[in-house]
Amino acid sequence: MRLFDTHTHLDAPQFDDDREEVIARALEAGVTKMINIGFNRDTIPTTMKLAETYDYIYAAVGWHPVDAIDMKEGDMDWIASLCSHKKVVAIGEIGLDYYWDTSPKEVQHEVFRKQIGLARELKMPICIHNRDAHEDVIRILREEKANEIGGVMHSFSGSWETAKMCLDLGFHLSFGGPVTFKNARVPKEVLAQTPMDRLLIETDSPYLTPHPFRGKRNESAYVKLVAEAAAEIKGIDLQELAEITYANALERFGIV
């Protein structure tokens, strides 16, 4: 069985004491590919280092909406230059975050639009962060013609109505730990209706830890718990769910 964790933060300081052991546990759990996300000035270099160190770790690079206020002239060129690296498979995570009040909305919108434009220019898929901003995220994706490149709605948390709009734009929906929570009715309902060829799984580790480890540090090995929950929701066996989501990830991110 092969599993693909399409969104992780293995360079996070939470892993500084045991990063190699965490990666080893992921491999033991059947996680044979991972995408690490570099989302600001600090995490882009550490993400690139991981991708260059481990054959099975790939990179996404972009500017997170929470950090949009910190983007300087030249940062977009930096991201563009990294996209030619053979291990960089997406621009992200990018998008909007109306929960954390760190970057003004207009700044977030500008940075988001610029990165969609860059992705279209480079023909790269995008990884979307969307927190409490469904309407504006969909509107900007439409206005900036993001359907031309598509991408992934990371840790999808919206309604089925929002999901349908994302699917119509050519995006995949990625699900993580919340689909294992007993009271997470909406994510489970949306996952159940998501077409199999648009379904991805992730951890977002060290965050959003699945049951039964909720409240503790998440890690990529736990994507197997997400896969088990998704298989149960879909009414298929774990092996089939793993292979389908693995193949979906390879295709979506252009990994040969």
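1. Where is Ser103 found? In this predicted model, Ser103 sits in the loop that runs between strand 4 (88-97) and helix 4 (105-122). Its relative accessibility is 3%, and because buried means under 20%, Ser103 counts as buried.

2. As to what surrounds this serine, if one leaves aside the neighbours within four places in sequence, Ser103 is in contact with Pro65, Val66, Asp67, Ala68, Ile69 and Gln108. Asp70 is 33 residues away from Ser103 along the chain, yet the C-alpha atoms of Ser103 and Asp70 are separated by 8.5 Å.

3. Two polar contacts of the Ser103 side chain deserve a careful look in the structure above. A polar atom of this side chain lies 3.3 Å from the backbone oxygen of Pro65, and the side chain of Ser103 also reaches the backbone nitrogen of Ile69, at 3.0 Å.

4. A second region to examine is helix 8, which covers residues 223-234. With 12 residues at 1.5 Å a residue, helix 8 should span 16 Å, and since its end C-alpha atoms are 16 Å apart, the model agrees with that expectation. After helix 8 comes Gly235, whose phi is positive, near 75 degrees.

5. Which residues of helix 8 are buried? They are Val223, Val226, Ala227, Ala229, Ala230, Ala231 and Lys234. When reading such a list, it helps to recall that an α-helix has 3.6 residues a turn, so residues three or four places apart point the same way.

6. The buried residues of helix 8 pack against several other elements, among them strand 1 (3-8), strand 2 (31-38) and strand 7 (171-175), as well as helix 7 (185-193) and helix 9 (238-252).

Technical notes
Residues are numbered from 1 along each chain as its sequence is written. This is a predicted model: local features need pLDDT of at least 70, side-chain atom pairs count only at pLDDT 80 or more; totals for chains, interfaces and linings use all residues. Side-chain values use heavy atoms; hydrogens and water are left out. Helices (H or I, at least four residues) and strands (E, at least two) are DSSP runs, numbered from the N terminus. The expected span of a helix is 1.5 Å times one less than its number of residues. Buried means under 20% relative accessible area, exposed over 50%, partly exposed in between (1.4 Å probe, protein chains only). Contact means heavy atoms within 4.5 Å. A polar contact is a pair of N or O atoms within 3.5 Å; within protein, one must be able to donate a hydrogen and the other to accept it, and residues adjacent in sequence count only if both atoms are side-chain atoms.
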